[in-house]
Amino acid sequence: MLDRRILRLIQDIVGEAYVSTTDSDRLCYSYDATQRRHRPDAVVWPADAEQISRLLKLANAEQIPVYPRGAGSGFSGGSLPIQGGLALVTTRLNRILRIDQENLIAEAEPGVVTEDLQQAVEALGLFYPPDPASLKFSTLGGNVAECAGGPRCVKYGVTKDYVLGLEVVLPQGDIIRTGGETMKGVVGYDLTKLLVGSEGTLGVITRIILKLLPLPEAKKTLLVLFDSIDGAAKAVAAVIGAKIIPATLEFMDATTIDCVRRATDLELPAAARALLIIEVDGDASSIEIQAGRIEQIVAPLGVVDIRIAATAEESEALWQVRRSVSPSLRKVNPDKFNEDICVPRSRLPEMIRIIEEISARLQIPIINFGHAGDGNIHVNIMVDKAEPGQKQKAEQAIEEIFAATLKLGGTISGEHGIGLTKAPYIPLELETGAVACMKAIKQALDPNNILNPGKIFLEN
Ligand SMILES: Cc1cc2nc3c(=O)[nH]c(=O)nc-3n(C[C@H](O)[C@H](O)[C@H](O)COP(=O)(O)OP(=O)(O)OC[C@H]3O[C@@H](n4cnc5c(N)ncnc54)[C@H](O)[C@@H]3O)c2cc1C
């Protein structure tokens, strides 16, 4: 626990109203989207980089762990205060500072909610593509720290492809700026890329310069229901093989569809064993051509039904099917393990077959959905952790799935990060030399190990 003297020093920095040690606040900031709970000793809501710098200097002097946090929607425990200390919440840094229509860039603070930035730029005919399914509540700071992806990444890339520059408070309190406003820049090491995806372990991001695109003129959404998972997986390969890159190519298996049916009032035919949500965008005439070609390509692959949205409202209704997946699965099984593997997209059908085989052999339900267009599957292992032996079976399934993923040339995390939950598996993917290099960077920037300790590398 923090003693009165330290609390007074924190109050001096952020003001009395912006630090709390109440049980309710400590409880509220003890969780993220994993099922784990770790209470901070105090919650602090700084107003700017200067205050964060002073907090980090104090934390170094007093050896207090500090855990940066945006909306707490992370799926790997990245924001959890596993050693107590301070939950440093960025929600007060919530200004969109400028949208530059000549240079197609935006500058924002980290606490801005992803969708708020998207709507602000879209009102000006501009486009910020990264769209995690959590965009209605996740923050830009959390997106940058996790290098968030989302459905549109198949065509437009992930968060790192849009971050041009950052302002960051380093673990010992120095404030630095990396990158800039230009589309090019090769002066020195690329610290911006290093910080994107660093999961709050190398610095607290306080300003973000983002690249924008012109907003596509039109889009068309197709919901395609298949009678088998194999048909859907083949459709993904066939669409991409035909040199069509849709803006999104999302997939759900039969059990995911069942969960959505049980948890919502969405109507999906019983014969549907898999579905794809395919969205194409571009100018009005090209999207009609693309949609028509996609219809032809998928038709022989066991299609049960195709729904094509004619209006923005109908498109939103189709997307509602996808956005309801995570909450629906959580409703059906709050204890599930949620993995986030990514394989080269041509290997997707093979990967799905391997997961089905593991599920059948270990007799453990495994539900798959996700960003099929970039080979990124959210693998949900549905267990009742209270039942004897179930947790062990789930762990065995995870190890086998990770081994198969790596064998197919994939990665164990496409977008959710390592945080706490995947830390034990890092040696499966990274060679010892690479891990040593990462640890050396962490040690150089954070010699007292006060910023997000215990994350990414187990022994931190
Ligand atoms: C329903 C649901 C759907 C989701 N869908 C997707 C998806 O499609 N794609 C995807 O990629 N993720 C998805 N996620 C995961 C999550 O929303 C993302 O990882 C998101 O980027 C986290 O943002 P956040 O603001 O909640 O960050 P938090 O969870 O608060 O923090 C995440 C990490 O970022 C660090 N951090 C936060 N702010 C800062 C900062 N300013 N400086 C430095 N470090 C910081 C934290 O320490 C932590 O390590 C989903 C989550 C949910 C619950």
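## Exercises on a predicted protein model

Of the 460 residues of the protein, 47% count as buried; a residue is buried if 20 or more other C-beta atoms, placed from the backbone, lie within 10 Å of its own, exposed if 12 or fewer, and partly exposed in between. The model is predicted: local features need pLDDT of at least 70, side-chain atom pairs count only at pLDDT 80 or more, and totals for chains, interfaces and linings use all residues. Residues are numbered from 1 along each chain as its sequence is written.

### Exercise 1. Overall form

Determine how the radius of gyration of the protein compares with that of a compact globule.

**Solution.**
- Step 1. The radius of gyration is taken over C-alpha atoms, and the globule rule is 2.2 Å times the number of residues to the power 0.38.
- Step 2. For 460 residues the rule gives a value near 23 Å; the protein has 22 Å, which agrees.
- Step 3. The C-alpha trace spans about 70 × 60 × 45 Å along its principal axes.
- Step 4. The protein contains 16 helices and 18 strands. Helices (H or I, at least four residues) and strands (E, at least two) are DSSP runs, numbered from the N terminus.

### Exercise 2. An open sheet

State the order of the strands in the open sheet of five strands, and identify its edge strands.

**Solution.**
- Step 1. Two strands pair if DSSP finds at least two bridges between them. Strands of a sheet pair through backbone hydrogen bonds, either parallel or antiparallel.
- Step 2. The order is β5-β6-β10-β8-β9, with antiparallel pairing.
- Step 3. The edge strands are β5 (96–100) and β9 (175–179), each of which pairs on one side only.
- Step 4. From one strand to the next, the twist averages 10°. Axes are lines fitted to C-alpha atoms, for helices over the stretch in contact, and angles run from 0 to 180 degrees between N-to-C directions.

### Exercise 3. Following the bridges

Find the bridge partners of G165 in β9 and in β10.

**Solution.**
- Step 1. Strand β8 (residues 163–169) is joined to β9 by five bridges, and the two run antiparallel. In β9, G165 has G179 as its bridge partner.
- Step 2. β8 also pairs with β10 in the antiparallel sense, over six bridges. In β10, the bridge partner of G165 is I209.
- Step 3. β10 pairs with β6 too, in the antiparallel sense and over four bridges. The bridge partner of I105 in β10 is K211.
- Step 4. Seven of the eight residues of β10 are buried, so this strand is mostly covered.
- Step 5. The hairpin of β8 and β9 has five residues between the strands, and G173 takes a positive phi near 105° there.

### Exercise 4. Helices across the sheet

Which strands does helix α3 lie across, and which does helix α4 lie across?

**Solution.**
- Step 1. Two residues are in contact if their C-beta atoms, placed from the backbone, lie within 7 Å.
- Step 2. Helix α3 (residues 49–62) lies across β8, β9 and β10 (204–211), and runs at about 50° to β8.
- Step 3. Helix α4 (residues 114–122) lies across β5 and β6 (105–108), and runs at about 35° to β5.

### Exercise 5. Two packed helices

Describe how helices α9 and α12 are placed relative to each other.

**Solution.**
- Step 1. Two packed helices are described by the angle between their axes and the distance between the axes.
- Step 2. The axes of α9 (residues 254–263) and α12 (residues 325–332) come within 9 Å and cross at roughly 80°.
- Step 3. That makes α9 roughly perpendicular to α12. Angles under 35 degrees count as roughly parallel, over 145 as roughly antiparallel, 65 to 115 as roughly perpendicular and the rest as oblique.
- Step 4. T256, C259, V260, R262 and A263 in α9 meet V325, S328, L329, K331 and V332 in α12.
- Step 5. By class, this contact has six nonpolar, two polar and two charged residues. Ala, Val, Leu, Ile, Met, Phe, Trp, Tyr, Cys and Pro count as nonpolar, Asp, Glu, Lys and Arg as charged, and the others, Gly among them, as polar.

### Exercise 6. Two positive phi angles

Establish where E199 and N449 are found, and whether each is buried or partly exposed.

**Solution.**
- Step 1. Most residues other than glycine have a negative phi, and most peptide bonds are trans.
- Step 2. E199 is not a glycine, yet has a positive phi of about 55°. E199 is found in the loop between α7 (191–195) and β10. E199 counts as buried because it has 22 C-beta neighbours inside 10 Å.
- Step 3. N449, also not a glycine, has a positive phi of about 50°. N449 is found in the segment after α16 (432–445). With 17 C-beta neighbours inside 10 Å, N449 counts as partly exposed.
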